[in-house]
Amino acid sequence: MKKILIIISIILLINCNNTIGSDDVIELTNLEFTIDEKEVTSTALIVKGSVINTGITKVSSPWYIEGMFYSDSNFTTILGGASQIINVPLVSGVNYNWTLSFSSSDLLESEYQNFGFRNLRGYINQ
C-alpha cells in the first residue's frame, strides 16, 4: 500500500506542472501563515506550521502551499523550494497544519543549520 501511495504521489507531482514561485497561479489572499518549527536532518530541511483562512470564502481543494529555502537568514542564496498539495477544503476560521521539506542530492543538508525560509504562499492552479 505504501508503494502505491508513493507512486501516486510521484505521478501527481509530475502532472501538476507546478513551478515553485510561478506567476501562472491564482494566489490565495486571505490566508495567515505561522511557522512553528524549523528542523535540519541529515537528508532534509523541514519547516512546519499552520495556516488559517481569515476570509469569508472557503478555499476549495485541491490547493497548494509553497515556500523557498535559503542557505541562511540573509536570504541571498536560494537552495530551492517545496510545495504541498492540500486535498481538503479550508473554511473560514479553520486551521490546517502543514509541512514543507527540501532535499537535494547536490547538498549536504546538515551544513545548513541556520537555513532561511520565506515566500510562503497558498495558491490554486489556473
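Where in the chain is the place of Phe-75? In this predicted model, Phe-75 sits in the loop between strand 4 and strand 5, the latter spanning residues 78-86. Its phi is near 55°, a positive value in a residue other than glycine. Phe-75 is partly exposed, with a relative accessible area of 24%. A positive phi is also found at Asn-119, again not a glycine, with a value of about 60°. Asn-119 belongs to strand 7 rather than to a loop, and at 42% relative accessibility Asn-119 counts as partly exposed. A further backbone feature worth a look is the peptide bond from Ser-61 to Pro-62, which is cis, with omega near 0°. Pro-62 is placed in the loop between strand 3 and strand 4.

With these local details in view, the overall layout can be described. The protein holds 1 helix and 7 strands, and from the N terminus on the order of the elements is α-β-β-β-β-β-β-β. Of the 126 residues, 33% are buried. Among contacts with a separation of 6 or more, 68% are accounted for by residues 24 or more positions apart. One pair that is distant in sequence is Phe-69 and Phe-117: the two are 48 residues apart along the chain, yet their C-alpha atoms are 4.7 Å apart in space. Phe-69 lies in strand 4 and is buried, its relative accessible area being 0%.

Confidence varies along the chain. The mean pLDDT of the protein is 87, and 83% of the residues reach 70 or more. Among the elements, helix 1 (residues 2-16) has the lowest mean pLDDT, at 41, and strand 3 has the highest, at 98. Over residues 3-18 the pLDDT is below 50, and this stretch has 5 contacts in the model beyond near neighbours in sequence. Where pLDDT is low, the predicted coordinates should not be read in detail.

Strand 3, the element with the highest mean pLDDT, also contains Asn-53, and the strand runs over residues 45-53. Is Asn-53 buried or exposed? Asn-53 has a relative accessible area of 2%, so this residue is buried, the cut-off being under 20%. Leaving aside neighbours within four places in sequence, the contacts of Asn-53 are with Asn-30, Leu-31, Lys-58, Val-59, Leu-90, Val-91, Ser-92, Gly-93 and Val-94.

Asn-53 is also one of the residues lining the second largest pocket. The rest of that lining consists of Glu-27, Leu-28, Thr-29, Asn-30, Gly-55, Thr-57, Lys-58, Val-59, Ser-60 and Ile-124. Asn-30, Lys-58 and Val-59 thus appear both in the lining and in the list of contacts of Asn-53. About 150 Å³ of space lies in this pocket. By residue type, the lining divides into 3 nonpolar, 6 polar and 2 charged residues.

Glu-27, another residue of the pocket lining, leads on to the charged pairs. How many salt bridges does the structure hold? There are 2, and Glu-27, Glu-66 and Arg-121 are linked by them in a network. In one, Arg-121 pairs with Glu-27, and the closest N and O atoms are 3.4 Å apart. Arg-121 lies in strand 7 (residues 116-125) and Glu-27 in strand 1 (residues 25-27), so this salt bridge ties together parts that are 94 residues apart in sequence. In the other, Arg-121 pairs with Glu-66, with the closest N and O atoms 2.5 Å apart. Here the partner lies in strand 4 (residues 63-70), so the pair of Arg-121 and Glu-66 ties together parts that are 55 residues apart in sequence.

The members of this network can also be described by their accessibility. Arg-121 counts as buried at 11% relative accessibility, and Glu-66 is likewise buried, at 2%. Glu-27, in contrast, is partly exposed, with a relative accessible area of 45%. Strand 7 therefore holds both the buried Arg-121 and the partly exposed Asn-119 with its positive phi, while strand 4 holds Glu-66 as well as the buried Phe-69.

Note on methods. Residues numbered from 1 in each chain as written. Predicted model: local features only at pLDDT ≥ 70, side-chain atom pairs only at ≥ 80, totals over all residues. Heavy atoms only, no water. Helix = DSSP H or I, 4+ residues; strand = E, 2+ residues; numbered from the N terminus. Buried < 20%, exposed > 50% of the residue type's maximum accessible area, 1.4 Å probe, protein only. Contact = heavy atoms within 4.5 Å. Salt bridge = Lys/Arg side-chain N within 4 Å of Asp/Glu carboxyl O. pLDDT = per-residue confidence, 0-100. 1 Å grid on protein atoms, 1.4 Å probe; cavity = no way out; pocket = protein on both sides within 12 Å on 5 of 7 lines; lining within 4 Å. Points joined across faces, edges and corners; volume = space filled by probe spheres on them. Nonpolar A, V, L, I, M, F, W, Y, C, P; charged D, E, K, R; others polar.
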